[in-house]
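Let's take a walk through this model together. Please have the sequence and the coordinates open as you read.

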Amino acid sequence: MAVLTRILLVVACLLLRPALAAEQASEDVDAQAAPDSAPVVVDGVVLFRVAGSASFPAAQRAARASERIVAAANDPSIAATAIKTEQHESRVDIVAGSRHLIGVIGADAAIEGVSGVSVADAALVRAMRVRDAIVRYRAERTPERLVQSALVAGAATAVAALALWLTWVGFRRLRLKLDQRYRKRVHSLSIQSFEVVRAESIWRGLDGALSTVRWLIIAAIVYLLCAFALGQFPWTRSTAERLLDLVVLPLLAMTAGVFDYIPKLIFLVLLFLGVRWFLKLLSLFFEAVGSGRVPLRSFDAEWAQPTYQIVRILLILLALVIAYPYLPGSGSAAFQGLSIFAGLMLSLGASSAMASLIAGYTVTYRRAFRVGDRITVGDLTGEVCEVRLLVTHLRTSKNEEVVVPNSLVLQSHVVNYSKLARSHGLILHTTVSIGYETPWRQVEAMLLLAAERTDGVSRDPAPFVLEKALGDFAVSYELNAYVDSTQQLPQRYAELHRHVLDVFNEYGVQIMTPAYEGDPEVPKVVPQEKWFVTPARAPAAQNMKVAKAIAPP
């Protein structure tokens, strides 16, 4: 029984083997990809399509077949009836006498579009098409046919020229008629007293619409003329058939590209709206911080605006990084090369600007000065009018505006006269040299008296005098006086110096220079009776003591 069972299984396998093989073959055929193909074209007419392979592409095979068919058509010794097929082991050749035109293989028969077509049948059909193409090729190049085609093309050109002239003249007369009859009736579009669209703009829009329609009609006439005239000659027939594709295909491609880009465009629009909304929210927050409505610990209100600018720039850069893959053409080599070029130009040309920009933020966060402070930067002294990202504006005592780059501010030492003057006062100081024959206590008293007469000098803390140096010929005294404001600082120095001169003249003490050869016979002081020598005028009731001193006996 076991032996009989094995025999029956073997017989069943042998009987089912052809069916299984056929099923496997059908699955292999269905799984095969469609062969690559290219059209064989003669005078713009597609005869048939040929398959290709990895070693012999379809486009190259079709081009060679077209060249051989045209060469056979140009050979008058080859009759159209000489086109026939020759059977070979793996293909069927189409020949013209002894001239080989093209071979037909199984892959060619598979792309005919009809199932079950043999290689021989596909070769017969293709041979008939080649025969018709050769007959047509020769017939269209006879002198009679070329003259007829030229006459037809000339007549079409004349008709098109007439149509163009009628279109141009007709639209020009139509515009003149509309201008004469209806232009005055076109009124401005307004809402109450606000003019939304002027009448002239409305008329220009109508005129532009008429001009657009005119040019569209002219373009259509020119296209029809070109397509018809080129189609009359065999050499240009293929161009005539592709003429519409030259215009339509790019438009279709652009339209398809626009529709394909819509999802990315929606993402970019949503990203733009989201970033814009978030920036507005940040602007409101930092504006509240700057005004003091939202106090932050260890965060000056002056930092609010520059901090917002930094956060804004970082957020915009982040949005650009996110949006970059969704920009049209971002993956192309040209776009990437342009980005690299722009970055290189920015890095080379904006190095000083970036240095000033970074210095501007550094100066802001250093809190070295603020608007309204009187400062000295290098050899420049003035009041801070405005602090910007790249420069700082100073107004000097001569009412001159000096624009100082923030990079220079960062690299130079800054003297701020106003920062401590608000709480501790600013010290005005001046130096005089007095001879050793004058008691130092008298000199200190005279200097303190001059400080008391000066307006704006604080009494608490009181002025003080320092003996700075014991020179070879005189003692250097330094008068120090506190003021609570840096406003009109040069004027206060001038007033202090005037009172020093007056006091020393009142007490007959001359101010020495650093070096001299001997004491003068007459002290170098101005007596009080000469203080207001013409054209000087004595101030009314300002110094009664001086007025009495200079009054005549």
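What follows goes from one helix to the cores, then to a helix pair and a loop proline.

Keep in mind that this is a predicted model. A good place to begin is helix H2, residues 58–74. With 17 residues at 1.5 Å a residue, H2 should span 24 Å, and its end C-alpha atoms are indeed 24 Å apart, so the expectation and the model agree.

Which residues of H2 are buried? They are Ala58, Arg61, Ala62, Ala65, Ser66, Ile69, Ala72 and Ala73. Around the axis they cover an arc of only 135°, and therefore they sit on the same side of H2. If you turn to the face that points away from this buried side, you will find the exposed residues Ala59 and Glu67. And what do the buried residues of H2 pack against? Their partners are four strands, E1 (37–42), E2 (45–51), E4 (92–96) and E5 (99–104), together with helices H3 (106–110) and H4 (119–139).

Now for the nonpolar cores. The largest of them has 28 residues, and Val40 and Ile83 have the most contacts inside it. Elements E1, E2, H2, E4, E5 and H4 each give two or more residues to this core, with the largest share, seven residues, coming from H4. Ile83 is worth selecting in your viewer: leaving aside residues up to four places away in sequence, Ile83 touches Ile94, Val95, Ala96, Leu101, Ala127, Val130, Arg131 and Ile134. Apart from this core lies another one, of 23 residues, including Leu428, Ala450, Ala481 and Val483.

Next, look at helices H7 (residues 237–291) and H8 (residues 304–323), whose axes come within 10 Å and cross at roughly 170°. Angles over 145 degrees count as roughly antiparallel, so that is how H7 and H8 run relative to each other. On the H7 side, the residues in contact include Phe267, Leu271, Phe278, Leu282, Phe286 and Val289. Among those they meet on the H8 side are Thr307, Tyr308, Val311, Leu315, Ile316 and Ile322.

Our last stop is Pro527, in the loop between helix H13 (489–506) and helix H14 (544–550). Is Pro527 buried or partly exposed? Its relative accessibility is 29%, which is why Pro527 counts as partly exposed; the cut-off for buried is under 20% and for exposed over 50%. From Pro527 you can also look across to Asp502: the two are 25 residues apart in sequence, and their C-alpha atoms are 9.6 Å apart in space.

Technical notes:
Residues are numbered from 1 along each chain as its sequence is written. This is a predicted model: local features need pLDDT of at least 70, side-chain atom pairs count only at pLDDT 80 or more; totals for chains, interfaces and linings use all residues. Side-chain values use heavy atoms; hydrogens and water are left out. The expected span of a helix is 1.5 Å times one less than its number of residues. Buried means under 20% relative accessible area, exposed over 50%, partly exposed in between (1.4 Å probe, protein chains only). The arc is that of the directions from the helix axis to the C-beta atoms. Contact means heavy atoms within 4.5 Å. A nonpolar core is a set of buried Ala, Val, Leu, Ile, Met, Phe, Trp, Tyr and Cys residues joined through side-chain atoms within 4.5 Å. Axes are lines fitted to C-alpha atoms, for helices over the stretch in contact, and angles run from 0 to 180 degrees between N-to-C directions. Angles under 35 degrees count as roughly parallel, over 145 as roughly antiparallel, 65 to 115 as roughly perpendicular and the rest as oblique.
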